[in-house]
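User: I would like to learn how to read a strand, a core and a ligand shell from a model. Can you take me through an example?

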Amino acid sequence: MRILVTGGAGFIGSNFVHYVIEQYDDEVVTLDALTYAGSKENLEGVLDNPRHEFIEGDIRDEELVRDLVADVDTVVNFAAESHVDRSIEGAKPFVETNVQGTQTLLDAAKDSGIERFLQISTDEVYGQILDGKFSEDDPLNPRNPYSATKASADHLAKSFETTHDLPVLITRTCNNFGPRQHPEKLIPKFIKNASEGKSLPVYGDGSNVREWIYAEDNCRALDTVLREGEIGEIYNIGSHAEKTNLEVTEAILDAVGADKALIEFVEDRAGHDQRYALETEKIESLGWEPAYTFEEGLEETVEYYLE
Ligand code: NAD
């Protein structure tokens, strides 16, 4: 395969680029605008690899995207504005990258004859669920600007499959953690604060539940869908490791060896979804299952950030 990976200098994208280059003989072209969230440092170790090429550019740049898509057989679209809190402060860049950027890629891909287009999405598009789990057939009910733009992108991608026969697959993964995540996100931020003796600001009463997956497990799942998934299908990727934010915070404090007195409860996020949870039978039917427990992944992650 020759794969165009957009957003490959970000957290999950860079883990995926490393994974593919290490596991296969495939060629990878990484396209990334290097926003505040992306860094070439995340690609250290593959930048000089002859099977990898890095292009700094925007997924909304029609000409660039058309040229790049014409030269690959597979597209994996990670590029996104990804931080919910920032989307509450201002939704515009989220619409521009997550919606318009995805449309630009889809338009380029529809005339290119590519074999697979994998749209990377999130459990957040389903909205919150207090009991039970979301399956791929459930309606979308995004409740914050970030997830609304991701849901838009999912609908656009699916519509290109239906109307243009574009070979689209969609994955919806729960919260990722692991190496190379931007320190604005909960787990790296709390590891850093705990190790520096600073307070750990927990939203509301800390009872919001998220399902956590180690990024390497997610990359294996994405790769499984890319190679084994059925065109036109949507795949949830979850670990069933459900934790309240307070449980995650306490686990980090334990792992770092810091005092629980560092926990500081702060005003809740506006429209804060209470719980996400995914049914995963479909991805498991492709032979995938997570290799790391939450505790094992956290140990690796804490070690990585403390180093
Ligand atoms: P990230 O913010 O770490 O990385 C995003 C990358 O996209 C950055 O490198 C950034 O420079 C790049 N980018 C942003 N706008 C761009 C543009 N217009 N053109 C080209 N590149 C651009 O995000 P992440 O956490 O790695 O998430 C990657 C994808 O996975 C996103 O689509 C996100 O919605 C999805 N996702 C993330 C999680 C999670 O827990 N992090 C969970 C489920 C799904």
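Analyst: What follows is a short walk through strand, core and ligand shell. Keep in mind that this model is predicted.

User: Which residues make up strand β5, and how many of them are buried?

Analyst: Burial is read from how many C-beta atoms crowd around a residue; 20 or more within 10 Å makes it buried. Strand β5 spans residues 116-122, and 7 of its 7 residues are buried. Take both sides in turn. One face carries R116, L118, I120 and T122, all buried. The other carries F117, Q119 and S121, also all buried.

User: Why does F117 count as buried?

Analyst: F117 sits in strand β5. It counts as buried because 26 C-beta neighbours lie inside 10 Å, and the cut-off is 20 or more.

User: What does F117 touch, beyond residues up to four places away in sequence?

Analyst: Its partners are V75, A109, L166, P167 and V168. For a longer span, take G8, 109 residues from F117 along the chain. The C-alpha atoms of F117 and G8 are 15 Å apart.

User: Which strands pair with β5, and in what sense?

Analyst: For pairing, read the partner, the sense and the bridges. Strand β4 (residues 74-77) pairs with β5 in the parallel sense, over 4 bridges. Strand β6 (residues 168-173) also pairs with β5 in the parallel sense, over 6 bridges. L118 is a handy marker. It stands opposite V76 of β4, and its bridge partner in β6 is L169.

User: What is the hand of the unit that β5 and β6 make with helix α5?

Analyst: Follow the path from strand over helix to strand. Here β5, helix α5 (residues 145-164) and β6 form a right-handed β-α-β unit.

User: How many residues are in the largest nonpolar core, and which have the most contacts inside it?

Analyst: A core is read as a network, so look for its best-connected members. The largest nonpolar core holds 75 residues, and L4 and F16 have the most contacts inside it. Setting aside neighbours within four places in sequence, F16 contacts V5, V76, F78, C219 and L222. V76 is the residue that stands opposite L118 in β5.

User: How many residues surround the ligand, and which are the closest?

Analyst: Read a shell by its members, then its elements, then its classes. 30 residues surround the ligand, with G7, G10, F11, G38 and A80 the closest. Elements giving two or more residues are α1 (11-23), α4 (92-110), β5 and β7 (175-177). α1 gives the most, with 3 residues.

User: What classes of residue does the shell around the ligand have?

Analyst: The shell has 11 nonpolar, 14 polar and 5 charged residues.

Definitions and conventions. Residues are numbered from 1 along each chain as its sequence is written. This is a predicted model: local features need pLDDT of at least 70, side-chain atom pairs count only at pLDDT 80 or more; totals for chains, interfaces and linings use all residues. A nonpolar core is a set of buried Ala, Val, Leu, Ile, Met, Phe, Trp, Tyr and Cys residues joined through C-beta atoms within 7 Å. A residue is buried if 20 or more other C-beta atoms lie within 10 Å of its own, exposed if 12 or fewer, and partly exposed in between; C-beta atoms are placed from the backbone. Two residues are in contact if their C-beta atoms, placed from the backbone, lie within 7 Å. Two strands pair if DSSP finds at least two bridges between them. A crossover is right-handed if, with the strands pointing away from the viewer, the path from the first strand over the helix to the second runs clockwise. A residue is near a molecule or strand if its C-beta atom, placed from the backbone, lies within 6 Å of it. Ala, Val, Leu, Ile, Met, Phe, Trp, Tyr, Cys and Pro count as nonpolar, Asp, Glu, Lys and Arg as charged, and the others, Gly among them, as polar.
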